[in-house]
Each structure stands twice: as structure tokens, then as C-alpha cells.
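The following report looks at charged side chains, cysteines and backbone geometry in one protein chain. Please read it alongside the sequence and the coordinates.

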Amino acid sequence: MNVTLAKTAPPSRTELYDHQLQAMARISRTLSRVQQIEEILAQILAVLHNDLGLEHGLVSIGDPQHGALQVGAVHTDSEAVVRACESVRYRIGEGVIGNIFKHGNSVVLGRIAGEPRFLDRLALYDLELPFIGVPIKSHEGNTIGVLVAQPQVRDELLPERARFMEIVANLLAQTVRLVVNLEDSREVADERDELRREVRGKYSFENMVVGNTPSMRRVFDQVRRVGKWDSTVLVLGESGTGKELIASAIHYNSPRAHQPFVRLNCAALPETLLESELFGHEKGAFTGAVKQRKGRFEQADGGTLFLDEIGEISPMFQAKLLRVLQEGEFERVGGNQTVRVNVRIVAATNRDLESEVDKGKFREDLYYRLNVMAIRIPALRERSADIPELAEFLLAKIGRQQGRKLSITDGAIRLLMGHRWPGNVRELENCLERSAIMSEDGSIGRDVVSLSGLDHDSLPLAPLPEIDLADEELGDRERVVAALEQAGWVQAKAARLLGMTPRQIAYRIQTLNIHMRKI
């Protein structure tokens, strides 16, 4: 049974102590129940109101990172006040509540109207009555919130009421701390989700590898299919074709996307260091091993390990790597404790491993362990029809780095399409970056590309591969573009290749949003 105190009949000191004892028992029972944090705060403020006449109880929770306090709970019958609480903030040090939080000291006002710092943003308090505010402190002594309430009588018992509220504030400390941690965890979760969205966007197929030719569409399809499973993948292709990008796409579009993606270039380290780098080492295993160190396999546990240039490792190390792939276990260098890991392997090489196996330079059992699913990335000269779109993609990336918009002329595109690109996409990107540096107005023409070091007349030309226009894998747009390429971008010739009238191909060019190139 709640005891509501009459405003006109202030209790004696003995009666106040009795009421406080009953209120403390109710507060203790409330805190011992398993319930929502919001309900705990609301019920405790209700006890202060009903049992002790401490009305309009309010708990403000600090957010030092943003230099403000927000209302965590308030006891009132006014729905308008409850709605207003969602937007009310107190800067740290602002007003009475902000000062309590900043300095960590209790404040007792005999009459609110006598305190010029009192803000009353909620229009909740009677300015002619007293006011009590006490800090809520953590076990470490840091102020994490403020508890305030308004006694409905003016008497000499304000110090006793203030001491009781300080006791309640101490009891509330753990609950308020949970609220603070909950807000922090929500913020961390939001930040984590945002980062995941950014990563997924960054490593989506559309934002990583550009290509509409059948060979590249086949690569994309293989990546999508293999990403769903934990099978080992072997990515094959010449240097500069984007093998690491494909490995990233496999990982970030797989169930392991939230786990680590660890990279290692096997050709960059000698065998002795490679073993330590992959498997880790124990303290004292060799000179300079001053402490235990986890290797790349342990770092990638639960995620994906990308081993680039796998064809460069020695036969002796191939045997050690084979054991990890087969058994999922290894020992650190200088140790005898077996470490088990759950790692997906994506390996890459520009070598012909099959011929290396025939020559005895690469273990056959390791080759078949790696070659569960092979993805071959075509060289850029084999998909020159992708160069126009690829050039625009790379220029947009370079333009963002330079803080300006870059464009390229059709003549420059034709020059790029005639080069053999032994360095593949990496060489193309370097060429375009040099061209962007040489261009003052951001427009890259044939002359600018030539100045960057790529000369159409002095470099060996790669004849543009003709695409089978009857290929069923070709989409409408790719078929029309291929016909235009083969016809030198003459619409009438392209129409004859496709068995269309000039009017029909003109309509297709318009509806498929194909930009005609001037030759």
C-alpha cells in the first residue's frame, strides 16, 4: 500500500524515516526483479513520488562523448512532457542539472525561483517549492547521471531528503550504467552495420571488377557460386588481371564476410620467414623472437586466407602447407603444441601449375588440394571490348583521388584498345593516371595518352578479337556493341552483320543507351 504524503501536513523526522525505510524496501524489491531497465527507473521514480512526496522525479543520463545529458526517465502524467523529453538535452555544465553532472556534487534548493541557473525546460516544476538534485556515480567515482525530484513541502527536513536521494542514486548507479552501455553498444552496432554496408558495397562485383564480355561474366558467375561454400579456390591469371580483387569478392560475398580476410604474398618472403609468417612462432624460437606471435593462419581463423603467388613456394614448404590444408592443424615455429584452425583458402598464381607439376616443380597432391575450384581471369587483351567501360571506371576512381572530373575521348579509347597490355588492368590504370596528370583540363585525348608513354604507332597492336555474334551467351547490348566494333562503328555495316535494317539498329542503339564512338 502506497502512502501519499499530504502537501499541507509535513511529516515529523521520525515519520519521514519510517516512510524512507518503507520506500527503500520497495526500491530494493524493484531492483531485484528481472525486468526492462526503463521499467526499473519508472517504478523507482514512482516510489519516490507516492511514498515520499518527491514528485516529478527525473533521471538524466550523461553522454560525455557529445558533451550532453539526455532524459532517461521522468515521472509525470503529462504526455506532452514525455514527448518533450525525447528532444531535451542539457550540455555538461549547463543549468543546475548540467552543473551537478560536471562537478559531481548534490544541490539542494529551498526555493527554485531563487536560483537563476535553473532552466526548467520541461516546465515541470513549481518555482516556489524546493528542489533536490544528486549525482549518480559509477564504482570508479565517475558521474554517469543525475537524479532530481521536487519535495512538495518546505520544511527543515530537506537535508534528510537529500541524503536519502543520494542513497537511491547509489543504488541506481548499476542500472544507469547498463543504460549507458546499452547506448554505447547500439552506437557500436550501428557503426558496425554501417561499416559492413560500406565493405559489402566496396567489394560488390559492380564496384570491383568491370567487364561485360562473356569471359568476364563467366568469372562473375563462378565467384557468386563458389562464394556460398567453403571450398578452396585457385585463382589463375596473368599479373595485373585483378586476382586479389576476385579473392576479396569471394570472401566478402560469402558467409565468412564478417570474419577476417588475411592476405599474404608468398613470393615476397624467403622460406624461413614464410613459415614463421604463416604459422607463427614461439618466444625464443630464433634470434629476435622476443615473444610469441600468431601467424596468418591463426589471424584468419574463421575467415579467409588469401595466398598470392602460391606457385613460388619451395617443394619443402609445399609439404608443410599441404598438411594444414588436409588436417587444418599445425605447430608454431619452435613449438610443439598443435594449433587447429578453421580457414578457407583462396590461392592465386600467374604460373601454369599443371605444367609445373609435370616438371616436378610443384607437388601434385598440393595442386589437386588447391585446385578444387579454379577461376581463370582472362588477360585484358582477350577482352579488349571491356576497355571503354573499364577506362571510364578507372578514370572515375582517379578523378575522386584528384578531386576533379576526368573524361576521355573516343580517339584515346581506340588507342587504348589497340595496345596489347602485357601488364593488364594494372598497366592500364597506371597509363590513365599518368594521362590524368598530363591533362590540365581533365580531358584525356589521344595526344595526352601518347605523351604518357603509350604510342599507338610504336607499340605492337593487338588485333581486336572478333566476337561470335551468334553466341547465345551474348546479351542484346553486347551483341550490338560487338557488331558496331567489327563494323568500325558504321551503323549500316553493323546492321548488315546483324541482319537488321539501318532503322532497326538505330532504334536498338537508342533504347540500349549505346554511346556511338567517332572514328
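Across the whole structure, which is a predicted model, a search finds 25 salt bridges. Three of these pairs are set out below, each with the distance between nitrogen and oxygen and with the relative accessibility of both partners.

| Salt bridge | N to O distance | Relative accessibility, acidic residue | Relative accessibility, arginine |
|---|---|---|---|
| Glu160 and Arg163 | 3.7 Å | Glu160, 9% | Arg163, 46% |
| Asp230 and Arg256 | 3.0 Å | Asp230, 48% | Arg256, 8% |
| Glu356 and Arg351 | 3.4 Å | Glu356, 10% | Arg351, 33% |

How many residues apart are Glu160 and Arg163 in helix α5? They are 3 residues apart in this helix, which spans residues 158-202, so about one helical turn separates them. Within the pair, Glu160 counts as buried because its relative accessibility of 9% is under 20%, whereas Arg163, at 46%, counts as partly exposed.

The salt bridge between Arg256 and Asp230 has its closest N and O atoms 3.0 Å apart. This pair links distant parts of the chain, with the two positions 26 residues apart in numbering: Arg256 lies in the loop between α8 (243-252) and β8 (261-265), and Asp230 lies in the loop between α7 (214-227) and β7 (233-236). Here Arg256 is the buried partner, with a relative accessibility of 8%, while Asp230 is partly exposed at 48%.

In the salt bridge of Glu356 with Arg351, the closest N and O atoms are 3.4 Å apart; Glu356 is buried at 10% relative accessibility, and Arg351 is partly exposed at 33%. Apart from such pairs, there is a network of salt bridges in which Arg323, Glu329, Glu331 and Arg340 are linked.

Charged residues also appear in a surface patch. Asp352, Glu354, Asp358 and Glu364 form a negative patch on the surface. One of its members, Asp358, is located in helix α12, which covers residues 353-358. With a relative accessible area of 68%, Asp358 lies over the 50% cut-off and is therefore classed as exposed.

The cysteines can be considered next. How many disulfides does a search of the whole structure find? The search finds 0 disulfides. Among the cysteines, Cys266 is buried, with a relative accessibility of 4%, and Cys431 is likewise buried, with a value of 2%.

Some residues deserve attention for their backbone. Which sign does phi of His56 have, positive or negative? Although His56 is not a glycine, its phi is positive, at about 55 degrees, and this residue is placed in strand β1, residues 54-63. Asn424, also a residue other than glycine, has a positive phi near 60 degrees. Asn424 is found in helix α16, which runs over residues 424-438, and its relative accessible area of 0% makes it buried.

Gly145 belongs to strand β6, residues 143-151, and is buried with a relative accessible area of 0%. The C-alpha atom of Gly145 is separated by 8.9 Å from that of Ala169, a residue 24 positions away along the chain.

Terms used
Residues numbered from 1 in each chain as written. Predicted model: local features only at pLDDT ≥ 70, side-chain atom pairs only at ≥ 80, totals over all residues. Heavy atoms only, no water. Patch = residues over 30% accessible without salt bridge, like charges linked within 9 Å, V, L, I, M, F, W, Y side chains within 5 Å. Areas by Shrake-Rupley, 256 points an atom, 1.4 Å probe, with all protein chains shown as cover. Salt bridge = Lys/Arg side-chain N within 4 Å of Asp/Glu carboxyl O. Lys, Arg positive; Asp, Glu negative; His and termini not counted. Charge placed at Lys NZ, Arg CZ, Asp CG, Glu CD. Helix = DSSP H or I, 4+ residues; strand = E, 2+ residues; numbered from the N terminus. Buried < 20%, exposed > 50% of the residue type's maximum accessible area, 1.4 Å probe, protein only. Disulfide = S-S within 2.5 Å.
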